[in-house]
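Q: Could you take one residue in this structure and look closely at its surroundings? After that, please work outward from it to the rest of the structure, in plain terms.

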Amino acid sequence: MAKILIVDDEDIIRRALARIFTSEKHQVIEAADGEQAIAQWREVQPDLVFLDVLMPGRTGVQVLEEMEGNIHCKVVLMSAYTGEYNLETAKALGAQYFIPKPFDDIQSLKSLVEEILDGE
Amino acid sequence: MNKSSSILIVGHSNRVESSIFEQLSGSKLIVTTMDDFLDELKSQNPDIIFFCGPISDIEDEELVKIAHTQQRGRITICYRPQWEDGAIIHFKNNYGTNVFLDDESLDDFGPIVEKGLQLARYYHEREGLFKKLKSQNLELEALTVNLENVVEERTKNTLDQKQEVEEGVNKIRGVIRFVKELSSQVALEETLLLIRNDLKRFHKINQCILAVSDYNLNNSLYYYRRGSVVDHQAQMRWSDIQMIRINSLDDQKYLADELGMPIGQVISVSLGGAEPAKDTPMPVLYFEHSMTFDEIDEFVDYISFRLQAISITVDRILLQNEVRNVSYMWERTFDSIDNPVAIINRDFQVLRANQEFFSRSKSKYCFESIAEADEVCQNCPVEKAVRTNVHQGDTVLFQNKSYEVHSYPIIDRASQAVSAVVNHYIDMTEANELQGLLVQNEKMSAIGHLAGHIAHELNNPLTGIRSLAQLVLEEEPLSETMRSDLTEVEKASARCQNIIKNLLEFSSDKETSEEQVASLSEIVEKTLPFLKTAMGDFRRDIRLLEDGDEIRCEPQLLQQVIFNLINNACQAMQGSGELSIVESIEDDVVKLSVKDSGSGIDSANLERIFEPFYTTKEKGQGTGLGLSMCKRIVESYHGKIYVKSELNVGSEFVIEFPKVNKV
C-alpha cells in the first residue's frame, strides 16, 4: 500500500483516478489546486504524485519548482496539451513520468503505478 | 588768173621770155643750169615749167623726164618751133607735156597757158581734195582703230567682270551648299568632318578642332585622328575669344596641353553667337595651320562667310542633343517604373505612356490598351479628377486583376482647366491576395486559439467521463443494460475526444506547418466531421482509398481546401441532392473528385471561377479561402485543380497530386 497524491482541478478526473487506486488498496489523497497540493505534499509525504500541469492558480510546473529539493517521491506529470510537454521535459522539471491526457484506457494506469512503485 | 602761179623757166630765149613775161602773171624764175633746175624744182614746186631752150648739154627730153618723174609742174610747156608731129605725140604720151609752142603761137599762148593752168589748178584742187580725203581717211582709220581698242577693252572688262561675277556666284554657291549640308547635321563629329572637307582647298590647314561645352557642362574638344573624330574631354577650360584670333601662343599651348600632341600655329574662331552662360566657355573652332599672312587673309575671308552657319549649327546640335537627352531620360525614367503610367487627355486618348502601359496592346484609348476593353472602365477616377481638378484614386478591376488607379490632373496654366491626366496603375492583386491570406490566417489562428481553449476545457471532463465509464464497466456485479449503456457512454466520449483532436489539428494556431507526406484519404476523413452540418441530408457517396494515396503537402492547408470544396458543393445544392467524394489513383496521380448535383455554373462564370475576388455570392457570404486561394495551395504542391460543370446538372471539382511512393 502506498500513499498517492492526486492533483487536478477537474473533480471527475480526481474521482476516476481515486477510484482506480483505491480499488488497488492504495491510500489516495486529493488536491484541487497548486496550493492544496503543496500543503498535502508536505503533510502527507506521498509515495507517488499525479500532477496536472494546467490548473488555475499555481500550475503543476510551479508546484514542482516550489517543491524542488523536497520532492522525496515519484511524480507523474499529466497534460492535455501534447506537444508542449513530454517525458523529456517532465524529467527536466523533476518528474519521472509523463501521461498525456486524455487517457485512452485508464486501466493501463494500474500497471503503470505498480511498475513505478515496484521500481522503488 | 585767180591764183598767182609759180613759173619756172628752163633755158634761155629772149623772145620767149619777153612774151611770157607779158602774158603771164605770177612769180617767174629762170634757171639755166642743171643744178639750179634741180634745186628750184625741188624747192619751188612750180605750177608751170616752161622749157624754153636747152640748158648746158642736156637734152630737153631728159629735163622733161626729170620734171615728170618728180611730178613737179602741172603744166609743162615746151618751145620747140621745129618739132615734128611725132616728137610732139611722143612727149605728150610719155611726159604729159601739155603745150607745145612755136614762134607763131608765142603771141597767143596766154590763153593756152591759161587753159593749161586751169587744168593744173583743177588737178591741184583734185590733189588737195584727194589729200584731204586721204587725211580724213587716215583719221577715220585712226578712229576705227581707237574704237576697236575701246571695244576690245570693254570686252575684256566685261569678261573680267563676268569672271568676277562667276567667281562670286561660285563662292556663294559653295557657301549655300555648305550651309545646306550643315543644316542636315545631327552630330558634332559629322559637322567637324564637313567643315574639314569644306576647307580642303586650304592645304596648309592641318587640323580642325571644335571646342564646345554641352548643357551638362562637359567641355569637349572634337578633333580628327586616324580616320575618325575623337571626343576629348577637356580638363581645363579654354579662353573665350572675340571673333577671331590669329596665331595666339596661348591657344596653341592650350591645345597642345589638352590633346597631348604638338600643335603648330593656330587660328581661333569664336562660334559664340548667343549670349553664353557664365559657367560655360563659348564654342571655338581652332585651325592648326602653316599659312602665310596672305593665305590667312584668304582663309579668314573664306571662313567668315561660313561662320554664322557653323555657329548656328553647333548651337542647334547642342540643343538637339540636350533635348534628346532630356526626353531620353524622361522616357527611361518613365519606362523604369514597372507600374503602368500614362498621360491621357480628357477623352481618354493616350498621349504618352510607359512601356508597361503598352505591354498588352497599343491602342488609341487608354481602356483599349491597358484593359483591352471597349469602353471606359468602371470606377475609373479620370472623370472625377477632371471635374474636381485634384488627384483622385479608385480601385478598378480589369484583366482579372485589381488595380489601384490614381489620376493626377495636369492643369493648363493659361486656361486653368484640366488639359490632361496622368494615370498611375498599381496592381493590387497580389497585395490583396496576400492581405486575404493574412486575414484568413489570422482568422484561423483566432479559431485555433479558441478551439484550443475549448478543447482543453472539454478534454478534462471527457477524460473523466471516459475513465469512469471504463472503471465502472470493470466492476461486478453489473446488469447487462447498464453494461451496454456504459459502453455507449465510453464510445461517445471517445468519439468526442477524437473530434476535439481533429479540431485542434485543423485549426492549429501554430505559425507554420510543414510540408510532409500524408495520406489524402486521411486528410479527407479528418475534415469530414466538420462538415456534418453542411452535408445535412444530402445523399452521400464517399469512396476513399485505404492506402497508397500518399502525397506531399501541408495537411492542414489541404484540409482547408477540401473543406472549401465540399462546403461549396453543399451550398450549390439547395435542400436535396447527391454529394459524391471519390478518391482514385491513375498513373501515379492521386485524384479527389468532389461532385454535387446542384445548380451548376454557367460557362461565362466557369472561366473566371479561379480568379481572385471573383464571386457570385453576396458580400459577406463568402467564407473560407475562395477558389483562387485553393488553386494557389494546390499548385504549390505541384497539383492541379479543375472544374466541370453543367447548368442545373451539377459541378465536379477535381484536385490532383503526384503520388509519393512510400519508402
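A: Asn502(B) has 18 C-beta neighbours inside 10 Å, so Asn502(B) counts as partly exposed. The reasoning needs two cut-offs: a residue is buried with 20 or more other C-beta atoms within 10 Å, and exposed with 12 or fewer. The model is a predicted one.

Asn502(B) sits in helix α12 of chain B, which covers residues 480-506. Leaving out residues up to four places away in sequence, Asn502(B) touches Lys526(B) and Pro529(B). Lys526(B) is 24 residues from Asn502(B) in sequence, but their C-alpha atoms are 6.2 Å apart in space.

Going back along the chain, Pro477(B) is found in the loop between α11 and α12 of chain B. A cis peptide bond joins Glu476(B) to Pro477(B), with omega at about -5°.

Helix α11 leads to the other chain. Where the two chains touch, chain B supplies 15 residues and chain A supplies 16 residues. On the chain B side, the most is given by helix α11 (residues 429-474), with 14 residues. By class, this side of chain B has five nonpolar, eight polar and two charged residues.

Helix α11 of chain B appears again in the largest nonpolar core. This core has 36 residues, and those touching the most other members are Val7(A), Val49(A), Phe50(A), Leu51(A), Val76(A) and Leu77(A). Two or more residues each come from β1 (3-7), α1 (11-23), α2 (34-44), β3 (48-52), α3 (60-67) and β4 (74-79) of chain A, and also from α11 of chain B. The element giving the most to this core is α1(A), with five residues.

Leu51(A) shows what being in this core involves. Apart from neighbours within four places in sequence, Leu51(A) is in contact with Val7(A), Gly60(A), Val63(A), Val75(A), Val76(A), Leu77(A) and Met78(A).

A second core of 31 residues is separate from the largest one, and Val212(B), Leu221(B), Tyr223(B) and Met282(B) are among its members. Met282(B) is placed in the loop between β10 (265-270) and β11 (284-289) of chain B. With 21 C-beta neighbours inside 10 Å, Met282(B) is therefore counted as buried, whereas Asn502(B), with 18, is partly exposed. Met282(B) also has a distant partner in sequence: Ile241(B) is 41 residues away along the chain, with 7.9 Å between the two C-alpha atoms.

Two other loop residues of chain B can be set beside these. Arg226(B), in the loop between β7 (219-225) and β8 (228-233) of chain B, has a positive phi of about 45° although it is not a glycine. Arg226(B) has 5 other C-beta atoms within 10 Å, and so is exposed. Phe348(B) lies in the loop between β12 (341-345) and β13 (350-353) of chain B. Phe348(B) is not a glycine either, and its phi is positive, at about 70°. Phe348(B) is buried, because 20 other C-beta atoms lie within 10 Å.

Elsewhere in chain B, a pair of helices can be described. Two packed helices are described by the angle between their axes and the distance between the axes. Helix α6 (residues 188-198) and helix α8 (residues 293-336) of chain B pack at an angle of about 165°, and their axes are 10 Å apart. Since angles over 145 degrees count as roughly antiparallel, that is the term for α6(B) and α8(B). The crossing of α6(B) past α8(B) is right-handed. From α6(B), Leu188(B), Thr191(B) and Ile195(B) meet Ile310(B), Thr313(B), Val314(B) and Ile317(B) of α8(B). Sorted by class, this contact has five nonpolar residues, two polar ones and no charged ones.

Last come the chains as wholes. Chain A has 120 residues, of which 38% count as buried, and chain B has 663 residues, of which 29% are buried. Chain A contains five helices and five strands, in the order β-α-β-α-β-α-β-α-β-α from the N terminus. Chain B contains 17 helices and 23 strands. Among the contacts in chain A with a separation of 6 or more, 60% are between residues 24 or more positions apart. For chain B, 59% of contacts between residues at least 6 apart join residues at least 24 apart. The pair Asn502(B) and Lys526(B) is 24 residues apart in sequence.

Conventions: Residues are numbered from 1 along each chain as its sequence is written. Chains are lettered from A and ligands numbered from 1 in the order in which they are written. This is a predicted model: local features need pLDDT of at least 70, side-chain atom pairs count only at pLDDT 80 or more; totals for chains, interfaces and linings use all residues. Axes are lines fitted to C-alpha atoms, for helices over the stretch in contact, and angles run from 0 to 180 degrees between N-to-C directions. Helices (H or I, at least four residues) and strands (E, at least two) are DSSP runs, numbered from the N terminus. Angles under 35 degrees count as roughly parallel, over 145 as roughly antiparallel, 65 to 115 as roughly perpendicular and the rest as oblique. A crossing is left-handed if the near helix is turned anticlockwise from the far one by less than a right angle, and right-handed if clockwise. Two residues are in contact if their C-beta atoms, placed from the backbone, lie within 7 Å. Ala, Val, Leu, Ile, Met, Phe, Trp, Tyr, Cys and Pro count as nonpolar, Asp, Glu, Lys and Arg as charged, and the others, Gly among them, as polar. A nonpolar core is a set of buried Ala, Val, Leu, Ile, Met, Phe, Trp, Tyr and Cys residues joined through C-beta atoms within 7 Å.
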